[in-house]
Amino acid sequence: KKGIKAIKKYIKEEEYNKALKAIKKILKAEDEEDETKEKAWVLAGISYERMGENETAKTAYKKAIEINKDAIEAYKGIIDIEEKEGTQKIETIEHIINYIRLIKERVKKEEEHLAKKEIDKRIENIVVIIKNTKEDLNIDDIKTYRHVLEEYKVEEMVMCLTKMYLKKLLNREGEKQYNIVEEVEKEK
């Protein structure tokens, strides 16, 4: 705890190299708890990001997520970097979905309006990523994204994803004919 507190102080004072040295010490320590190591990786991500080393920052955030799949600060760090750089891709949607899930789980009644603003912003990120993607979405991803967007009533994108989904179903070769109406109804 004391080590994490010192690291936060170094970051606040923009002494990133000192922060990274202290982080390295925590990460090398065999007796440190996972929670402390997760926080150290997040702080490493913050330090690298502020130093302009965004790829290294994203790697650090991903290490925090490996330790704890509920590392909300790590998801936010990755999403923010990719949004700033304009490098959001399909993989980013998974981070956004996890981030939204964590916000919803942790929000207190009096903070609901703030959470809604953040969730709306992230839903818009998903819409932009899908609209701009050159990647070929697989059918399971399409179903997942459609479900998330349905939940937040983004009708335009739900329709777009439904069309993608149906097109994928129709393009499957060597498989039985699909009753499209039944397939879409099953998803609801």
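Hi everyone, let's start with a helix pair: in this predicted model, the axes of α4 and helix α5 (residues 72–85) come within 8 Å and cross at roughly 155°. An angle over 145 degrees counts as roughly antiparallel, so α4 is roughly antiparallel to α5. The crossing of these two helices is left-handed.

Who takes part? On the α4 side, the contact uses N54, E55, A57, K58, Y61, K62, A64 and I65. From α5 come E73, A74, Y75, G77, I78, I81, E82 and E85. If you sort the residues of this α4 and α5 contact by class, you get eight nonpolar, two polar and six charged.

Now let's turn to the other partner of α4. Helix α4 covers residues 54–67, and it packs with α3 at an angle of about 165°, their axes lying 7 Å apart. That angle makes α3 roughly antiparallel to α4. Here again we have a left-handed crossing, with α3 passing α4.

For those of you following along in the viewer, α3 brings D34, K37, E38, W41, V42, A44, G45, I46, Y48 and E49 to this contact. They meet N54, T56, A57, A60, Y61, K63, A64 and I67 in α4. By class, the contact of α3 with α4 holds 10 nonpolar, three polar and five charged residues.

Next, a pair from further along the chain. Helix α6 (residues 90–106) and helix α8 (residues 139–151) have axes that come within 12 Å and cross at roughly 40°. So how do these two lie relative to each other? With that angle, α6 and α8 are oblique to each other. Their crossing is left-handed.

In α6, the residues to click on are I90, I93, E94, I97 and K104. They meet D141, T144, Y145, V148 and E151 in α8. The contact of α6 with α8 divides into five nonpolar, one polar and four charged residues.

Let me finish with something for the docking people: the largest pocket. How much space lies in the largest pocket? About 190 Å³. The residues lining the largest pocket are K8, E38, K39, V42, L43, I46, N68, E73 and R106.

Which helix gives the largest share of that lining? Helix α3 (residues 34–50) does, with five residues. Some names should ring a bell: E38, V42 and I46 belong to the pocket lining, and E38, V42 and I46 also sit in the contact of α3 with α4. Likewise, E73 lines the pocket and is one of the α5 residues in the contact with α4.

And the class make-up of the pocket? The lining of the largest pocket has three nonpolar, one polar and five charged residues. That's my tour, thanks for listening!

Terms used. Residues numbered from 1 in each chain as written. Predicted model: local features only at pLDDT ≥ 70, side-chain atom pairs only at ≥ 80, totals over all residues. Heavy atoms only, no water. 1 Å grid on protein atoms, 1.4 Å probe; cavity = no way out; pocket = protein on both sides within 12 Å on 5 of 7 lines; lining within 4 Å. Points joined across faces, edges and corners; volume = space filled by probe spheres on them. Helix = DSSP H or I, 4+ residues; strand = E, 2+ residues; numbered from the N terminus. Nonpolar A, V, L, I, M, F, W, Y, C, P; charged D, E, K, R; others polar. Axes fitted to C-alpha atoms, helices over the stretch in contact; angles between N-to-C directions. Parallel < 35°, antiparallel > 145°, perpendicular 65-115°, else oblique. Left-handed = near helix turned anticlockwise from the far one by under 90°. Contact = heavy atoms within 4.5 Å.
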